[in-house]
Amino acid sequence: MSYDQYLLFGLFGVVFGLLLWGRYRYDLVAFGALMVAVVLGLVPTKHAFDGFGHPATLVVALVLIVSAGLVRSGAVYLITRSLVDAGRSLGAHIGIMGGVGAVLSAFMNNVAALALLMPVDIQTARKAGRGPGLSLMPLSFATILGGMATLIGTPPNIIIASIREEQLGEPFRMFDFAPVGGIAAVVGLLFVASVGWRLIPQRDDGAGEATHIAPYIAELTVPEGSELIGKRLGSLYPEAEQADVAILGLIRQGTRRYGRATGATLEEGDTLVLEASPAALDEFRSALSLNFSDAARQEKLDAVGDGLELVEVVVPEDARITERTAQSVGLAWRQSTVLMGLSRQGKRITGHIRQSEIEPGDILLLLCPRGRTRDVIEWLGCLPLADRGLDVTANDKTWLAIGLFGAAVLAASLGLVYLPVALGLVLVAYVLTGILPIAQLYDHVEWPVVVLLGSMIPLGAALENSGGTEILAQGLITLTDGLPAWGILAVLMVVTMTLSDVLNNTATAIVAAPVGIQMANTLGVSADPFLMAVAVAASAAFLTPIGHKNNTLVLGPGGYRFGDYWRMGLPLEILVVVVTIPAILIFWPM
């Protein structure tokens, strides 16, 4: 190998190691690697930022904005509200919700599709008296599967189409992925709805109050002049038991005291540390006239004047509050909102709630001024966990939003308009017709993904130009020497799936697609079967909660553990390989 190849493989090794470690966010890792590559001369300076103007990067950003327009117009809930019925059997519910999710994710970003349907699914679970964990993982998998069927359904497909255009002269069209990805999606959905959900561990009896999310760790404060001052903490236990609240301890002058501490005498400003559901917490607060928080925040909230409401939200990886505290983002003084409780599945919160760093997958209980709930959730970048009607802004524009988007998809599919241009026209139309407010236009772009793409594309090009992808391809060919065509594709898919289960699927596609093309060139066959294999495999990340953002989003609300995903994910990945390879060989022969 050449000196540049050694450096590039070493750099990619560091990138993959940092992504697996997870200490630093993937966009920072990718951008830092790009800067190092430029300094080392591996990426020419004049091409350092080509990735940010790459069609794949533009399409991903545009799809996110257009998806937000479909949400705000009420187009999605027009469908789900007419199809969801809490009285259906669990299998039928998963089949219908999964089908809706798969269709939506085929035409919009699959993370956005899950974000829309997750509140509906949780609300249906509560009405049906069962745990949301039985249906949230199948819904996540369904939205991932649906994205495989079209060009714009998932970033790996967009990337692979762009790489094909660069190397073979023509990109994949909108529905070129449908024969292979669509078959994988349909078979996968049938498995998830019939057998897969039965493999999910059940940790409750599925009835009554067992259907809510894991209890929150919350804090309530003894206000000035309270009748509780001078009483012992133990005297509150009967009231707490009646409200189904667990008293974990109290905080006095910044010091947290654990244990029951029944003999502690309450003082003004003491903060009770509690574990409870939102309803139980509010009942306990009302019964004892406790404050939501410290006096300063209480006065600020009371001054709002329009009333208060509780809202539950789940924290995605790129939220404003991720890896920060409620205090550091200024939740109280910027948004007049208090973090009431924090639920982190399987982990104990040991410090002040508002001083605790928030992690992806956490569920927050927020106390917001009435009427401003939507603004607060969007400002935080979180997702609501209940159907509160926050998605509809202009019902009279629902069909206009659908029509504009449908026309763009049709025009791009027929080759009349270049896909990024078609989506750009939809974006402009959404702004001009008031479907999307221009002030919030860029709030819907997932900037970390844009930075990841913009950084990894030049790195991938450098690896290919240096001959690195040829080395990787030759290694895989040597490994599969003597195997039939289906065996070679199977090995490529397994390797790609394994990478995607532990790394970002976008990064996996950028590295694996050129390797697939090089394998095809070495074997003297068409590259399309290899690209299709990479496309499906890069999206099929079902073994871990970190393989795909959708799996991370349902981790907390579903009450899952890290090791729960492989139980349904492993047979699903095997099934995807088994049905995909014959479909590839039929529709994209070598």
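Me: Is R164 buried or exposed?
Reply: R164 is buried, because its relative accessibility is 13% and the cut-off for buried is under 20%. Keep in mind that this is a predicted model.

Me: Which residue does R164 form a salt bridge with?
Reply: With D528. Their closest N and O atoms are 2.7 Å apart.

Me: Where do those two sit in the chain?
Reply: In distant parts of the chain. R164 is in helix α8, residues 155-168. D528 is in helix α21, residues 528-539. The two are 364 residues apart, and the pair links those parts.

Me: And D528, buried or exposed?
Reply: D528 counts as buried too, with a relative accessible area of 10%.

Me: Why would such side chains pair up at all?
Reply: Opposite charges can pair when the charged atoms come close.

Me: How many salt bridges are there in the whole structure?
Reply: A search of the whole structure gives five.

Me: What about R374, which partner does it have?
Reply: R374 forms a salt bridge with E378. The closest N and O atoms there are 3.2 Å apart.

Me: Where are R374 and E378?
Reply: Both are in helix α14, residues 373-380. They lie four residues apart, which is about one turn of the helix.

Me: How accessible are R374 and E378?
Reply: R374 is buried, at 18% relative accessible area. E378 is partly exposed, at 35%.

Me: Which residues do shared salt-bridge partners join into a network?
Reply: R252, E267 and D270. Salt bridges with shared partners make them one network.

Me: What does R173 meet in a salt bridge?
Reply: The side chain of D176, at 3.7 Å from N to O. D176 is buried, with a relative accessible area of 15%.

Me: New topic. Where does S455 lie?
Reply: In helix α17, which covers residues 447-465.

Me: Is S455 buried or exposed?
Reply: Buried, at 0% relative accessibility.

Me: What does the side chain of S455 reach?
Reply: The backbone oxygen of V451, at 2.8 Å.

Me: Which residues does S455 touch, leaving out those up to four places away in sequence?
Reply: A30, F31, L34 and F52.

Me: And D27, how far apart are its C-alpha atom and that of S455?
Reply: They are separated by 8.0 Å. Along the chain, S455 and D27 are 428 residues apart.

How values were computed:
Residues numbered from 1 in each chain as written. Predicted model: local features only at pLDDT ≥ 70, side-chain atom pairs only at ≥ 80, totals over all residues. Heavy atoms only, no water. Salt bridge = Lys/Arg side-chain N within 4 Å of Asp/Glu carboxyl O. Buried < 20%, exposed > 50% of the residue type's maximum accessible area, 1.4 Å probe, protein only. Contact = heavy atoms within 4.5 Å. Polar contact = N/O pair within 3.5 Å; in protein donor to acceptor, adjacent residues only side chain to side chain.
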